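Visitor: Could you take me slowly through one part of this model and show me how it sits among its neighbours? I would like a close look at a single helix and what lies around it.

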Amino acid sequence: MDGAYSKMQKQDGKMTKILFVCHGNICRSPMAEFVFKKMVSDKKRENDFIIDSAATSTEEIGNDIHRGTKEKLREMKIPFSSRRARQITNEDYTKYDFLIGMDIENLYKMQKRWKNDPDDKVRLLLSFAGKDRDIADPWFTGDFDKTYSDIVEGCTALLDFLLSKE
């Protein structure tokens, strides 16, 4: 992980670009996007990051954030904006430094799309917290609290990792 980050920083010394990815881009990845944006804002580092989210599938393209995700973000006082789900593109691989999947299936689809990740950019969010497990999809579980808790853990570890590399 460290080698890939060093190489990326040399390519673009200004901003770190992060794309959070889940299956539909309506629950987990937008939750991670807005949680991470809030963490970055709290550290007054907004100008150091570009943060977005996308889907591996086409199922929810054009749809806004799931109401359960919106409710959880509101409950936690995390600002968010209306958005439209989108699918990952070939250009995303070039544009972003880190392509962060919420589960192993996301990683598989991203690696397939981006020719086995030649630049070592694809990561599982909880891997930054030293965990080798998925963030459960609340679309199926209905448990937005657990999803939020895991996303906060992963995003905190990701931000700590990135700031430690400065």
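Guide: In this predicted model, helix α3 spans residues 67-75, and its buried residues are Gly 68, Thr 69, Lys 70, Lys 72 and Leu 73. These buried residues of α3 pack against two other helices, α2 and α7, while just after α3 the chain reaches Lys 77, which takes a positive phi of about 60°.

The two partners of α3 also meet one another: the axes of α2 and α7 come within 9 Å and cross at roughly 50°. An angle between 35 and 65 degrees is neither roughly parallel nor roughly perpendicular, and α2 and α7 are therefore oblique to each other. The crossing in which α2 passes α7 is right-handed, and the contact involves, among others, Met 31, Val 35, Phe 36 and Met 39 of α2, together with Tyr 148, Ile 151, Cys 155 and Leu 159 of α7.

Both helices also belong to the largest nonpolar core, which has 34 residues, with Phe 20 and Phe 36 making the most contacts inside it. Alongside α2 (28-42) and α7 (144-164), the strands β1 (16-22), β2 (49-55) and β3 (98-101) each give two or more residues to this core, and α7 gives the most, with 9 residues. A second, separate core of 12 residues includes Leu 19, Ile 88, Leu 99 and Leu 107.

As for confidence, the protein chain averages a pLDDT of 92, and 92% of the residues score at least 70, but over residues 1-12 the pLDDT is below 50. Where pLDDT is low, the predicted coordinates should not be read in detail.

Methods:
Residues numbered from 1 in each chain as written. Predicted model: local features only at pLDDT ≥ 70, side-chain atom pairs only at ≥ 80, totals over all residues. Heavy atoms only, no water. Core = buried A, V, L, I, M, F, W, Y, C linked by side-chain atoms within 4.5 Å. Buried < 20%, exposed > 50% of the residue type's maximum accessible area, 1.4 Å probe, protein only. Helix = DSSP H or I, 4+ residues; strand = E, 2+ residues; numbered from the N terminus. Contact = heavy atoms within 4.5 Å. pLDDT = per-residue confidence, 0-100. Axes fitted to C-alpha atoms, helices over the stretch in contact; angles between N-to-C directions. Parallel < 35°, antiparallel > 145°, perpendicular 65-115°, else oblique. Left-handed = near helix turned anticlockwise from the far one by under 90°.
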